[in-house]
Protein chains: 2
Amino acid sequence: MTPVSAVASPTSTRAPLRIGTRSIRFPSMPAILSTFTVAGPKEGQGPLGRLFDTVIPDTFYGEKCWEKTESKMLKEAILHCIQGAGAKESDIDFLFTADLLSQCIGGSFAARDLAIAHLGIYSACASFGEGLILASMCLEGGFAEHVVVGVSSHHDSVERQFRFPTELGVQRPPTAQWTATLAAAVMVGRAASPFAGDGTPVRITGATVGEVIDIGAKDPYDMGTAMAPAAADTLARHFKDFGVPPSHYDMIVTGDLGAIGRRIAIDILESKGLAVRDRFEDCALMLYDRRQGVQAGASGTACSGGVFCAYLHRGLKERRWRRILLAPTGALHSPTSYKQGEAIPAVCHAVALERVE
Amino acid sequence: MTPVSAVASPTSTRAPLRIGTRSIRFPSMPAILSTFTVAGPKEGQGPLGRLFDTVIPDTFYGEKCWEKTESKMLKEAILHCIQGAGAKESDIDFLFTADLLSQCIGGSFAARDLAIAHLGIYSACASFGEGLILASMCLEGGFAEHVVVGVSSHHDSVERQFRFPTELGVQRPPTAQWTATLAAAVMVGRAASPFAGDGTPVRITGATVGEVIDIGAKDPYDMGTAMAPAAADTLARHFKDFGVPPSHYDMIVTGDLGAIGRRIAIDILESKGLAVRDRFEDCALMLYDRRQGVQAGASGTACSGGVFCAYLHRGLKERRWRRILLAPTGALHSPTSYKQGEAIPAVCHAVALERVE
């Protein structure tokens with residue numbers, strides 16, 4: 001079977017890159033050159049624990065407050081990602097970062113110590129998808145040779161910002177999701193990059209950008225319900241635009257829908273005649289063991305990024321899967337919008353990743 | 001004289017688009033197809049007042065809180081911008097939005113009522129530059145036919161978030177800047193777009209992306225001092241990368257440095273041998289009359305966007321200038337980082353805009 005970058009047309013390199021108004025092909029297939037993860041202690045104890053590059057010993061990591069910890073984790077993930085490819089900061093054209101902190105300080109404060117041109121992005125927990133899409137555009141369009149996408153989240157900094165003071169220990173309902181303490185960075189470049197090392201089998205071949213969808217769900221302790229329709233919308237559009245069935249992918253992996261949202265998204269897609277049930281996974285259900293007390297699963301900007309770097313990217317490289325559709329989802333509310341009685345708009349960006357040999 | 005998209009090489013369309021790791025040429029010269037502004041009452045009373053497309057009668061504009069007002073202003077700016085070009089939402093491939101509210105709700109809540117694929121961005125008050133650059137990449141790379149960039153800020157929503165409750169009426173020092181109540185949207189497309197109307201003389205020809213620079217300035221009532229070094233860094237890099245002197249541009253317009261920051265940026269650039277003094281303007285000093293009590297000038301994500309749409313774009317169209325280098329600057333702190341004793345990192349993205357006939 002041909003990669004998704006070619007399915008929309010047999011003459012792939014000459015066909016338009018744009019499919020409709022939301023989908024894009026990347027015929028040059030930008031390559032994942034390097035990844036790095038810095039995980040929190042709880043994440044280190046989860047099923048992916050041994051796959052993270054670094055597990056920090058405690059949630060402060062030598063800093064006085066969690067916001068600084070998060071920036072430090074992100075900076076280290078970015079630096080080690082670049083160094084892991086044998087590159088230097090000066091080899092990187094652009095750095096995209098995203099986090100959940102107000103005014104995106106996780107990324108901005110990580111970037112201030114790096115001599116790399118910086119572009120902040122925000123799609124909440126869907127940001128890793130946005131970052132991969134914009135990085136791929138930079139590569140495919142010839143605007144960059146190497147781009148790094150870095151995402152971070154910290155359970156304690158996010159919880160006290162979005163909900164209650166962390167020390168209060170408020171009881172969490174079973175629909176709640178646990179924001180991951182995690183930072184992840186990927187370096188994207190051409191397959192012919194001098195930093196390609198022993199080969200770059202994992203490539204970005206296409207993507208579908210999400211519309212913001214608000215179904216009126218208002219409970220910040222049930223973001224899965226708010227995000228599932230956005231995930232279903234973007235995934236359905238992706239299959240339609242690229243003219244492929246869900247079975248084109250070995251696995252469809254949403255980001256952070258959790259146990260509740262995953263079921264809703266599957267139901268919506270199946271009701272549209274899209275048979276996704278046998279291959280639909282979610283990053284929120286991969287990061288922790290359910291016995292770790294995380295209710296409906298994980299969340300956080302770095303959840304899908306961290307699961308991709310530690311697990312999905314590795315699985316593609318090791319031939320466990322050949323094609324994955326990664327679809328990070330984001331809840332676009334804020335503590336202020338919540339207190340003002342607003343619902344939770346959501347978005348989902350889908351990225352096709354394939355092993356090309 | 002040739003446009004900046006061509007100066008880096010005489011064979012412009014074949015030369016690399018990438019210049020070093022921070023600058024990009026756009027040989028296809030994406031065109032500004034349409035603009036729209038929605039201004040607050042104070043902004044409507046300023047020197048650009050009659051140039052805004054809409055001036056709202058009061059700071060609430062029929063909403064119960066200022067955050068909702070800001071989203072409404074932004075949504076209207078985006079919709080009227082699209083309609084003004086004779087286009088529909090379905091003609092737009094991607095919408096980039098940015099604002100200063102926590103978790104970027106200004107843009108996300110505007111986007112939820114629009115059926116357009118949405119990508120949130122954040123460079124604080126430099127976001128309009130980031131948006132124009134990413135939109136130009138989408139066009140130049142063939143990933144989109146039409147892209148809208150929308151930015152917003154609201155004095156009262158920002159002031160109570162970043163500093164003190166608005167009703168408290170805290171005295172402001174002379175270095176403070178007044179966040180503008182303003183929303184601005186631009187629609188970018190090809191010169192051959194069916195929505196090009198009577199012509200699209202104003203084009204985006206090149207850009208330089210900023211690095212995050214932190215000089216240790218900590219006073220949120222003096223952001224000009226914090227941002228000036230970032231502005232000088234990006235501008236100096238732009239002149240070097242494109243091999244042009246400051247006099248290549250009829251005007252260099254930073255975004256929101258204010259009276260203090262503008263003087264510092266000029267001094268830094270002149271000390272590097274770059275003669276900018278006779279053509280260096282700043283959006284913060286254009287939006288208000290100094291008698292309006294705005295201390296060192298305006299600020300806000302929409303300041304540079306609004307001044308561009310209402311004044312600079314018009315001036316380029318009307319042949320007042322031929323080439324402008326627009327360099328929005330952003331202070332990347334948050335109320336949390338400030339309370340944790342952190343300094344104010346800053347960034348500046350420069351965009352070359354030229355009249356091409």
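**Exercise 1.** How many residues of chain B are in contact with how many residues of chain A?

*Solution.* Start with the model: it is predicted. Count the contacting residues on each side. The result is 64 residues of chain B against 64 residues of chain A. Next, take the area. The two chains bury about 5,100 Å² between them. Carbon and sulfur atoms account for 61% of that. Then rank the contributors on chain B. B:Gln103, B:Arg112 and B:Phe143 supply 16% of the area that chain B buries against chain A, more than any other three residues.

**Exercise 2.** Find the salt bridges and polar contacts across the interface of chain B and chain A, then describe the side of chain B that touches chain A.

*Solution.* Apply the salt-bridge rule across the interface: eight are found. One pair to inspect is A:Glu342 with B:Arg112, whose closest N and O atoms are 2.9 Å apart. That falls within the 4 Å cut-off, so the pair qualifies as a salt bridge. Polar contacts come next: 19 residue pairs between chain B and chain A, both residues at pLDDT 80 or more. Now locate the elements of chain B. Those that each supply at least two residues include α3 (66–84), β5 (94–98) and α10 (335–339). The largest share, five residues, comes from α5(B). Finish with the classes: 32 nonpolar, 19 polar and 13 charged residues.

**Exercise 3.** Is A:Glu159 buried or exposed?

*Solution.* Place the residue: A:Glu159 lies in helix α6 (residues 155–162) of chain A. Read its relative accessibility, 7%. Buried means under 20%, so A:Glu159 counts as buried. Last, list its contacts, leaving aside neighbours within four places in sequence: A:Phe164, A:Arg172, A:Thr179 and A:Tyr221.

Notes:
Residues are numbered from 1 along each chain as its sequence is written. Chains are lettered from A and ligands numbered from 1 in the order in which they are written. This is a predicted model: local features need pLDDT of at least 70, side-chain atom pairs count only at pLDDT 80 or more; totals for chains, interfaces and linings use all residues. Side-chain values use heavy atoms; hydrogens and water are left out. Helices (H or I, at least four residues) and strands (E, at least two) are DSSP runs, numbered from the N terminus. Buried means under 20% relative accessible area, exposed over 50%, partly exposed in between (1.4 Å probe, protein chains only). Contact means heavy atoms within 4.5 Å. Buried area is the accessible area (1.4 Å probe) that two parts lose on being put together, summed over both. A salt bridge is a side-chain nitrogen of Lys or Arg within 4 Å of a carboxyl oxygen of Asp or Glu. A polar contact is a pair of N or O atoms within 3.5 Å; within protein, one must be able to donate a hydrogen and the other to accept it, and residues adjacent in sequence count only if both atoms are side-chain atoms. Ala, Val, Leu, Ile, Met, Phe, Trp, Tyr, Cys and Pro count as nonpolar, Asp, Glu, Lys and Arg as charged, and the others, Gly among them, as polar.
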